[in-house]
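Please look over the sequence and the model shown here, and then read the short report that follows.

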Amino acid sequence: HHCSSSQTSPSGPFGSELSLTLQVQKHLEPFRLSLEKLQDVSARLRKDMIRGLGKHSHHRASVKMLPTFVRATPDGTEKGDFLALDLGGTNFRVLHVRVLEEEQRVLKMDSQICAIPQDIMLGTGEKLFDHIAACLAEFLDSQKLRGQTLPLGFTFSFPCEQKEIDKSILIRWTKGFNCSGVEGEDVVNLLKEAIHRRGDYDISSVAMVNDTVGTMMSCGYRDQSCEIGMIIGTGTNACYMEEMKNVKRVEGEDGRMCINTEWGGFGDDGCLKDVLTEFDEEVDKTSINPGVHTFEKMISGMYLGEIVRLVLLKLTEEKLLFRGCPSEALLTPGSFETRFISEIEEPDSGLENAKKILTKLDLDWDLVDACVARLVCDTVSSRSARLCAAALATIVNRIRINRGLDHLKTTVGVDGTVYRKHPNFSDELQAAVRLLAPKCDVTFLISEDGSGKGAAMVTAVAQREASIMSQGSRAVKTMEADC
């Protein structure tokens, strides 16, 4: 593949293409993880999950295993009207959700997006929560809900330490927020205080919802065997129902609790060194959070395009692509978007899309280049799916063994653009899970609006549980009085 296309090697055109293929494959080899390697990764995650659950080891664990205080999945008796707030970025959404028991359906009645201006993102916490309370008031008016006191589910996608279903302490702001007076404080309290400052409406109860838990719960009403939630989008994470007796940080031995694994941090202690390629190390070095979220950086949408760009650049420098001539665009970090991978791997139009994208990146390509680019995309996304499968297999195997079952049937609620949009991601993921968890029969459901409907379901289940608890304690009091 020299800078003029007319030259071919002595063995004819196929000889040169064969040697080209072998050289390209050599560079892609580190991405191809054998079944043994994946089983090994799964075993390492299992160890890390146990460390994260431990009372005295969790603060050192790279997989945080955070208790969510969600103690049950839907049982089909939930009903009524709920509000949901979803704050995870520069906008937040307010939703009105209605749960219908007779049809086992969760309806999103309406929703509204409210912008958060820059000055509020960087101002005081009081101003932020006043702004949220004002948008909620406006929404209640538009829905003619002002007179009712409704329960609210709050999806707040920032690192928090949850103390109870309605008590969550912000550890630190991320994603461009830096409001004073919120870090170290209970966000439920700040929201309630802002609503009380207005004094023109009230909410009955608040449940804090992690987005993975919302994903699990939004599927849980349709399919009550859904006890895992997984997100593979810009980032990646998963939650699952763990036996309370293994959750050492929370009092109580009975029943189950949903654990937010925060598996994106898997490998932050260096345990995945042998799986990382030179390209992963480069992505990590140039990211905004070097050394953090090792697993996420090999899997999620925020990084896949950049991994592909670095591989294409390396192959170009080795004169295996584009006649050894990189373009300005190819040399620019972030120029190869993750969505390009999905477009290039489309079964019917992939090659045409590849040509368009390479042209857009100002590259001087021929047909072989387009095929190699497609191979690179396929290799990187396939590794992502297989690593994700190894992590998911760890969870389903754990649930099976926790319950002493020979065979587990379970459902995973899934969300995220990588899972939804990539043409073969879900097939690859499912095939690998079957190999890595052969005694588990795993169904995948795409979550419908986890941060809205799921947040409402968390709230509904929390209310159901709370009323069972209070009925129980009333019964005990009555018995005591009778005695």
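Just after α12, Gly404 takes a positive phi of about 60°; helices such as this one are DSSP runs of H or I with at least four residues, strands are runs of E with at least two, and both are numbered from the N terminus. This is a predicted model, in which local features need pLDDT of at least 70, side-chain atom pairs count only at pLDDT 80 or more, and totals for chains, interfaces and linings use all residues. Residues are numbered from 1 along each chain as its sequence is written, and side-chain values use heavy atoms, with hydrogens and water left out.

Helix α12 spans residues 367–402 and reaches 52 Å from its first C-alpha to its last. Of its 36 residues, 27 are buried (under 20% relative accessible area, 1.4 Å probe, protein chains only), so α12 is largely enclosed by the rest of the structure.

Thr261 lies in the loop between β11 (256–260) and α7 (278–286), and is buried, with a relative accessible area of 1%. Not counting residues up to four places away in sequence, Thr261 touches several residues, among them Val63, Tyr240 and Ile395, where contact means heavy atoms within 4.5 Å.

The table gives side-chain distances; a polar contact is a pair of N or O atoms within 3.5 Å, where, within protein, one must be able to donate a hydrogen and the other to accept it, and residues adjacent in sequence count only if both atoms are side-chain atoms.

| Side chain | Partner | Distance |
|---|---|---|
| Asp366 (oxygen) | Val368 backbone nitrogen | 3.0 Å |
| Thr261 | Asn237 side chain | 3.4 Å |
| Thr261 | Ala238 backbone oxygen | 2.7 Å |

Terms used
The expected span of a helix is 1.5 Å times one less than its number of residues. Buried means under 20% relative accessible area, exposed over 50%, partly exposed in between (1.4 Å probe, protein chains only).
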